[in-house]
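These are my notebook entries on the ligand site and on a few backbone features. I record what I looked up, entry by entry.

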Amino acid sequence: MKVTVVSRGGKEFIKGGIELKNLATVGDLQEAIHHRNKKYYPSRQRLTLPLQSGSRGKPVVLNAKKNLQDYCDGNADTLIVVFKDLGMQVSYRTLFFWEYLGPLIIYPIFYYYYPVYQYFGYTGERVIHPVQTYAMYYWCFHYFKRIMETFFVHRFSHATSPVSNVFRNCAYYWTFGMYIAYHVNHPLYTPVSDLQMKIGFGFGLISQISNFYCHLLLRNLRGPGGNGGYQIPHGFLFNVVTCANYTTEIYQWVGFNIATQTVAGYVFLVVAALIMSNWALAKHHRLKKLFDGKEGKPKYPRRWVILPPFL
Ligand SMILES: NC(=O)c1ccc[n+]([C@@H]2O[C@H](COP(=O)([O-])OP(=O)(O)OC[C@H]3O[C@@H](n4cnc5c(N)ncnc54)[C@H](OP(=O)(O)O)[C@@H]3O)[C@@H](O)[C@H]2O)c1
């Protein structure tokens, strides 16, 4: 079969096209493009079918595991595909590792390294309150857990992410990490009552453990290679809410903020909750669409999205 690869502007991207066996997959085509142009490794390529002139819909994205013939309309010997360069890619594990490493390192610097505050003009003695010590352990436990989950629990489906996301996500996590660490460890920090601290950290820890359990339940929805697509999550809080992992993530930040009480912490909580709510809405709609109860598919059960009883 002959595949003509064109750019989005319609120009021939691989001179003379590519000859492949009739049973070749989209993955084989990506390898062949990579062979002809070493810059474009498979995860950097997005291949679509050309849009019919006048059509306003989204183009069909070719699935690497499918046969090219599945995309041939009538003439099984030729195919035109549109190539898009997705830019440099990194694995999701790399992306998550770097974004979580920043807060894990930055926070203890503010706790242990008092001269940080001397740069800002504070010269007096510093008294470390118990809540500041517990907050440092709580924070580090949280980000250490996230890194461990990234490597040993999550079964990602997306192979890679654009490298620019590393900078964007690191900017988000590292800046908030600094902002919160600066305020919670500040020499003029006023601690909350002992009871409030215990309630906050107690509730936060229960939420962190629940969040870990939610991640185990999500993991079990897929096979070891990340195969299996999207399934209906069930068990524990997933029986009432679609994104129970985000719910427990938000609750654990609520616990941290009850115990530490800073404006910086609450700003992060609101921003994180807004981001996760947006993602949760998209995931909820995707599951409702995938499991619509038609053609023998199960129907997605009635559930809250992320934060019962509001959403
Ligand atoms: N504080 C914050 O701002 C913030 C923001 C986001 C996340 N987080 C934390 O980081 C954790 C991971 O975030 P995330 O956005 O990667 O979570 P996520 O998308 O909900 O999923 C975690 C893992 O489970 C898989 N998964 C999700 N739903 C599935 C389903 N229905 N069937 C099969 N597999 C499914 C995902 O697969 P895919 O690879 O296909 O997505 C991913 O590998 C969150 O749970 C939360 O604790 C914190």
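I take helices (H or I, at least four residues) and strands (E, at least two) as DSSP runs, numbered from the N terminus. I note that this is a predicted model, in which local features need pLDDT of at least 70, side-chain atom pairs count only at pLDDT 80 or more, and totals for chains, interfaces and linings use all residues. Residues are numbered from 1 along each chain as its sequence is written, and side-chain values use heavy atoms, with hydrogens and water left out.

Entry 1: ligand shell.
I looked up which helices each supply at least two residues of the shell around the ligand. They are α2 (92-112), α5 (164-184), α6 (194-219), α7 (244-260) and α8 (263-290). The largest share, five residues, comes from α8. I counted a residue as near the ligand if one of its heavy atoms lies within 4 Å of it. In this way 28 residues surround the ligand, and the closest are Ser157, His215, Tyr230, Glu249 and Lys283. By class I found 15 nonpolar, eight polar and five charged residues in the shell. Here Ala, Val, Leu, Ile, Met, Phe, Trp, Tyr, Cys and Pro count as nonpolar, Asp, Glu, Lys and Arg as charged, and the others, Gly among them, as polar.

Entry 2: polar contacts and burial.
For the ligand I read a polar contact as a pair of N or O atoms within 3.5 Å. An oxygen atom of the ligand is 2.4 Å from an N or O atom in the side chain of tyrosine 230. For the side chain of glutamate 249, the distance from a ligand oxygen to an N or O atom is 2.5 Å. A polar backbone atom of arginine 155 is 3.2 Å from a ligand oxygen. Taken alone, the ligand exposes 870 Å², and the protein buries 94% of that (Shrake-Rupley method, 1.4 Å probe).

Entry 3: backbone.
I found a cis peptide bond from proline 308 to proline 309, with omega near 5°; proline 309 lies in the segment after α8. Glutamine 261, in the loop between α7 and α8, has a positive phi of about 50° although it is not a glycine. Glutamate 295 likewise has a positive phi of about 50° without being a glycine, and I located it in the segment after α8.

Entry 4: exposure.
Buried or exposed: which is tyrosine 107? Tyrosine 107, in helix α2, has a relative accessible area of 0% and is therefore buried (under 20%; exposed is over 50%, partly exposed in between; 1.4 Å probe, protein chains only). Glutamine 261 counts as partly exposed because its relative accessibility is 38%, whereas glutamate 295, at 80%, counts as exposed.

Note on methods:
Polar contact = N/O pair within 3.5 Å; in protein donor to acceptor, adjacent residues only side chain to side chain.
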